[in-house]
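Please open the structure in your viewer and keep the selection panel at hand. The tour moves from one selection to the next, and each stop says what is there.

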Amino acid sequence: MPKVHLTKFVCKELVYDYLTGALDASRREKFQEFLNEDLELKKKLDRNKHALQYVGELKKIELSEAYQSYLSEAHDLGLVEDFVESPVVSHEEKAPQSNIWSDFWSERGELLKLIRRTTEALSLAIVVFLVVSNLPKELFDFESKDKPTLLLTDKNKVGSVESPATTHGIEDEDEVIADDINEEAEETAAQVASSEKKETPVEKPEKKQASDSSSKNLAANVASKNADSSSSAAVAKAEEKEPAKKNFYLYRSIIYVQDLIAVSDEFLTYLEANGAKKAGQVKMGWEKNRSRYFHFHIDESKREEMEAILSKYAPFRLNRYDHWRKTPEGKMRAIVEIRQKAN
Amino acid sequence: MTEAQVRAIAVFFYYVLPHELLAMEATDKAIKELKAKKKKSEEIFEVLLIKTCNKIARKKRKEYLSESKDLAQHNFPKAYDKIKEPLIKPSTLSVAAWRQILRDEGHESLYLLVWAHVLEFPIDYIVLASECSHGTVMHRLSQSLNLLGSYLQPGGQSWGTNA
């Protein structure tokens with residue numbers, strides 16, 4: 001056993017440890033040696049013993065039944081059993097209690113937490129919805145960002161329309177519609193450029209209205225064409241049911257020629273001689289890159305003649321596509337692009 | 001919260017506060033706070049209990065002293081009127097010496113004495129709640145026990161008889 005050196009001062013400090021049994025054997029032995037010699041230390045030890053005995057009495061206190069029931073009711077504690085005699089709070093008490101009331105309240109707490117979280121989530125969703133619904137639609141119309149504003153120039157000339165006929169010569173209608181949009185975008189760009197030079201009397205509200213309706217009608221056309229391709233019988237039935245709905249067409253084609261200028265000049269001369277009028281925003285024969293662009297109205301009877309003129313230079317046929325834009329009776333709207341053939 | 005824990009809270013305040021009504025009020029407050037904290041805190045509940053009770057005891061004692069020890073001005077809940085005797089003492093016990101030392105000293109090391117020797121909470125929990133070293137807690141316990149002993153010695157306050 002290692003030899004322990006204790007002074008009188010240290011022994012006085014160790015009285016509490018001695019009483020609570022916290023001293024090891026060697027220190028305890030040494031402490032007892034001092035205790036026999038030092039009267040003051042003995043008095044201190046007696047005082048502390050006395051105090052410990054007193055504290056031992058203090059712990060015998062218990063709650064009255066009235067107070068116990070008050071606490072139980074006031075705090076929903078469910079203290080239905082008698083209080084345990086030993087006031088020791090051990091680790092085992094941390095184990096789940098088999099108290100019905102405790103379980104009930106803990107379950108209710110979870111339910112309330114769930115309700116609170118659900119309410120928060122719903123509130124957040126409502127706020128997000130309100131914010132999003134109040135934002136301008138243009139922010140979410142990603143497709144129309146690339147689209148130009150479509151101008152309806154022949155609106156006043158609308159009359160009765162030709163009877164619907166079957167569409168022929170269309171390989172990919174969606175692609176053609178997309179092309180049409182691009183063409184019109186180019187026209188608009190050209191118009192913007194030309195409007196700097198001279199003002200065109202076009203009403204802005206009409207433009208906007210036409211733009212909005214164009215995107216809607218394009219979507220409607222795509223949907224209707226898909227339906228057509230899926231079942232022709234269904235289409236026939238639909239036409240019977242909706243006789244009031246009339247179709248309008250756009251004739252268009254692209255031709256590649258060796259001599260761009262000569263062919264396009266010839267075609268332009270023919271158009272001017274036969275009463276064709278520009279339908280878009282650019283003049284007939286508008287030059288772009290290595291091509292010339294013709295967007296015009298002409299009598300429907302001239303279709304075959306036009307095909308004959310251009311067929312001299314390359315195989316050419318005007319393909320007909322459904323289009324939302326109304327066409328005057330007896331007239332046809334066409335877009336012809338004459339492109340320089342690559343050598 | 002278990003019966004033993006509720007009892008511990010009530011007994012603690014009974015011994016560390018100078019008046020029964022104040023102790024009852026503090027007990028109500030502590031139970032409310034602990035019920036709320038229990039869900040949020042990941043601390044050992046006994047440690048949380050000691051911390052919370054110590055804090056409330058300090059606050060109540062301060063309130064009591066600032067009110068010039070006049071509890072007539074203090075509005076206690078009416079339900080307290082029905083409870084004539086909240087805690088039942090053994091017939092042999094007198095708390096006069098304890099009350100005297102509480103009035104004279106009011107030292108917080110007496111709180112430690114209650115937790116460790118009256119309520120017999122594990123020392124480790126008391127150390128954690130006190131946020132000081134084990135040695136410091138033991139030293140304070142030793143001091144407070146010595147102080148109590150000095151009050152109980154012949155010539156000081158008597159014990160073992162009714163106050």
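Which strand of chain B is joined by bridges to strand E1 (residues 62-63) of chain A, and do the two run parallel or antiparallel? Select E1 in both chains of this predicted model: the partner is E1(B), the two strands are joined by 2 bridges, and they run antiparallel. To see one of the pairs, pick A:Glu62, whose bridge partner in E1(B) is B:Ile88.

**The contact between the chains**

Now widen the selection to everything in one chain that touches the other, where 35 residues of chain A are in contact with 47 residues of chain B. On the chain B side, at least two residues each come from H1, helix H2 (20-40), helix H3 (45-66), helix H4 (79-82), strand E1 (87-88), H5, H6 and H8. If you colour that side of chain B by class, you will find 28 nonpolar, 9 polar and 10 charged residues.

**Helix H4 of chain A**

Next select residues 39-58 of chain A, which form helix H4, with 20 residues and a reach of 29 Å from the first C-alpha to the last, close to the 28 Å expected at 1.5 Å a residue. Its buried residues are A:Leu45, A:Arg47, A:Asn48, A:Ala51, A:Tyr54 and A:Leu58. Show their surroundings, and you will see that they pack against helix H2 (15-20) and helix H3 (25-37) of chain A, and also against helix H1 (3-16), helix H5 (96-104), helix H6 (109-118) and helix H8 (134-152) of chain B.

**Chain B as a whole**

Turn to chain B alone, which has 8 helices and 1 strand, in the order α-α-α-α-β-α-α-α-α from the N terminus on. Of its 163 residues, 40% count as buried. Among the contacts in chain B between residues at least 6 apart in sequence, 71% join residues at least 24 apart.

**Helices H6 and H2 of chain B**

Select H6(B) first, where 9 of the 10 residues are buried, so this helix is largely enclosed by the rest of the structure. The buried ones are B:Leu110, B:Tyr111, B:Leu112, B:Leu113, B:Val114, B:Trp115, B:Ala116, B:His117 and B:Val118. Their cover includes H4 of chain A, together with H1, H3, H5, helix H7 (123-130) and H8 of chain B. After H6(B) comes B:Glu120, whose phi is positive, near 55°.

Then move to H2(B), whose 21 residues should span 30 Å at 1.5 Å a residue, and whose end C-alpha atoms are indeed 30 Å apart. Among its buried residues are B:Leu22, B:Ala23, B:Ala30, B:Ile31 and B:Leu34, as well as B:Glu25 and B:Asp28. The buried residues of H2(B) pack against helix H5 (65-74) of chain A and against H1, H3 and H4 of chain B.

**Two nonpolar cores**

Which residues have the most contacts inside the largest nonpolar core? Select B:Ile9, B:Phe12, B:Phe13 and B:Val114, which hold that place in a core of 63 residues. H1(B) gives the most to this core, with 10 residues. Around B:Ile9, leaving aside its neighbours within four places in sequence, the contacts are B:Thr27, B:Ala30, B:Ile31, B:Leu49 and B:Cys53. A second, separate core has 24 residues, including A:Tyr249, A:Tyr251, A:Ile255 and A:Ile298.

**The strands of chain A**

Finish with chain A, which has 12 helices and 7 strands, and in which buried residues make up 19% of the 343 residues. Select strand E2 (residues 248-257), which is joined to strand E6 (residues 319-323) by 5 bridges, the two running antiparallel; here A:Tyr251 stands opposite A:Arg320. E2(A) also pairs with strand E7 (residues 331-340), in the parallel sense and over 7 bridges, and in this pair A:Val257 stands opposite A:Gln340.

The last stop is A:His295, in strand E5 (residues 291-299) of chain A. Is A:His295 buried or exposed? It is buried, because 23 other C-beta atoms lie within 10 Å, and the cut-off for a buried residue is 20 or more. Add A:Val336 to the selection: A:His295 and A:Val336 are 41 residues apart in sequence, and their C-alpha atoms are 6.5 Å apart in space.

Conventions: Residues are numbered from 1 along each chain as its sequence is written. Chains are lettered from A and ligands numbered from 1 in the order in which they are written. This is a predicted model: local features need pLDDT of at least 70, side-chain atom pairs count only at pLDDT 80 or more; totals for chains, interfaces and linings use all residues. Helices (H or I, at least four residues) and strands (E, at least two) are DSSP runs, numbered from the N terminus. The expected span of a helix is 1.5 Å times one less than its number of residues. A residue is buried if 20 or more other C-beta atoms lie within 10 Å of its own, exposed if 12 or fewer, and partly exposed in between; C-beta atoms are placed from the backbone. Two residues are in contact if their C-beta atoms, placed from the backbone, lie within 7 Å. Ala, Val, Leu, Ile, Met, Phe, Trp, Tyr, Cys and Pro count as nonpolar, Asp, Glu, Lys and Arg as charged, and the others, Gly among them, as polar. Two strands pair if DSSP finds at least two bridges between them. A nonpolar core is a set of buried Ala, Val, Leu, Ile, Met, Phe, Trp, Tyr and Cys residues joined through C-beta atoms within 7 Å.
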